[in-house]
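Me: I'd like to learn how to read helix packing and domain contacts in a model. Could you walk me through this one?

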Amino acid sequence: MRVFSGIQATGAKHIGNYIGAMRQYVETQEENDAFFCVVDLHSITSDYDPQDLHDRTLDLAALLYAVGLAPDKCTLFLQSHVTGHAEAAWLLSAVTGFGQLGRMTQFKEKGEGKDFVSAGLFTYPVLMAGDILLYQTDIVPVGDDQRQHIELARDLAERFNSRFGQTFKVPRGVFPEVGARIMDLQEPTKKMSTTGGTPQGTVLVLDPPDVIRKKFKTAVTDSGREVRYAPDEKPGVSNLIEILSVASGTAIPEVEASYDGRGYGDLKGDVGEAVVQLFAPMQERYAELRADEAELRRLLRVGAEKARETSAPTLADMYERMGFVRP
Ligand code: AQP
């Protein structure tokens, strides 16, 4: 199956990005024809610093290799290296309803209360649809917050196919069973987020071990004592259980059972330790990979070449079916 997913080069990546997305990338590359993209074009839709974008893009590419993406098992590239993505977004805007974009909750949330809201923030889901559709994608591994955007990509594929003739495969989102929405440790009713979260409640993949331990130690739970998985009733504790389940490779009921007679303090200490152990080898690999920027850029050039080759026929079909005179 063809797999495609993108991840923004904004901010430092957190454990929500790892559990919701990167972990699935690593799994899906094994049995599928997988394409992963650092969606740098998406990063200019909110206020940003050019130097920061530049550095974060390379940081993220190094991190993706460090968490386990292998150049011989998948294709990793930068979105801006394949100009067809921007072209596809423009072409797809012809079949995108203004009202439909206005209903995107992420647009509403990120635009709320801002003095300046860029047109890019509004049209961003069309670019995302283009990213996915250009690769005749079967499955898109993402976290829960991307459900609405995946639905839009499916709608646009169907609308384009019925208006201009069969061109795109209609993709489907795949969401992890555990950890599709990791919550902020300080505000466990809100998702952990790069731009909208609390610094103390956001655990970064590259946080030093002591910082990770401290963030978990100070996680907000509730006034009860029972370690039980019940996201609506006990969001803080349930979030910690989910994270521990993923980090230790133990199913949720077993995690719950192991805390019989033990309290939240033990849980916080254990989950902090499990996450430190999970991230330690990735942090080590990251430092090596990031230090060799020439090799990193070389790998990304090879990835972009493959991505260009793979997406070009679909882009050409789009132009042709829409009536453009080809050169
Ligand atoms: N809290 C989360 N739990 C599970 N999955 C998550 N993802 C994001 N947050 C969580 C998934 O990570 C992938 C990359 O998301 P992105 O490209 O949107 O990266 P980001 O901007 O760094 O992610 P954030 O934190 O979601 O940023 P904000 O909130 O600022 O937009 C996606 O597959 C996403 O589902």
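Me: At what angle do helix H2 and helix H11 pack?

Reply: Happy to help, and keep in mind that this is a predicted model. Start with the angle and the distance between the two axes. Helix H2 (residues 50–67) packs on helix H11 (residues 264–291) at about 130 degrees, and their axes are 8 Å apart. Oblique covers angles that are neither roughly parallel, roughly antiparallel nor roughly perpendicular; that makes H2 oblique to H11.

Me: Is the crossing of H2 and H11 left-handed or right-handed?

Reply: Right-handed for H2 and H11.

Me: Which residues of H2 and H11 meet there?

Reply: Look at the side each helix contributes. From H2 come Asp 55, Leu 58, Asp 59, Ala 62, Leu 63, Tyr 65, Ala 66 and Val 67, and from H11 come Met 282, Arg 285, Tyr 286, Leu 289 and Arg 290. By character, the contact of H2 with H11 has 9 nonpolar residues, 4 charged and no polar ones.

Me: How does H9 cross H11?

Reply: Apply the same reading again. Helix H9 (residues 235–248) and H11 cross at roughly 40 degrees, with axes that come within 9 Å, and this crossing is left-handed. On the H9 side the contact includes Val 237, Leu 240, Ile 241 and Leu 244, while the H11 side includes Leu 267, Val 271, Ala 274 and Leu 278. The residues of this contact are 12 nonpolar, 2 charged and no polar.

Me: Where are the domains, and how much area is buried between domain 1 and domain 2?

Reply: First find the bounds, then the interface. The domain assignment gives domain 1 as 2–179 + 293–321 and domain 2 as 209–286. Their C-alpha centres lie 30 Å apart, and 11 residues of domain 1 are in contact with 11 residues of domain 2. The buried area between the two is about 980 Å², with 77% from carbon and sulfur atoms. Ile 15, Ala 66 and Val 178 supply 47% of what domain 1 buries against domain 2, more than any other three residues.

Note on methods: Residues are numbered from 1 along each chain as its sequence is written. This is a predicted model: local features need pLDDT of at least 70, side-chain atom pairs count only at pLDDT 80 or more; totals for chains, interfaces and linings use all residues. Side-chain values use heavy atoms; hydrogens and water are left out. Axes are lines fitted to C-alpha atoms, for helices over the stretch in contact, and angles run from 0 to 180 degrees between N-to-C directions. Helices (H or I, at least four residues) and strands (E, at least two) are DSSP runs, numbered from the N terminus. Angles under 35 degrees count as roughly parallel, over 145 as roughly antiparallel, 65 to 115 as roughly perpendicular and the rest as oblique. A crossing is left-handed if the near helix is turned anticlockwise from the far one by less than a right angle, and right-handed if clockwise. Contact means heavy atoms within 4.5 Å. Ala, Val, Leu, Ile, Met, Phe, Trp, Tyr, Cys and Pro count as nonpolar, Asp, Glu, Lys and Arg as charged, and the others, Gly among them, as polar. Domain bounds come from an automatic or database domain assignment. Buried area is the accessible area (1.4 Å probe) that two parts lose on being put together, summed over both.
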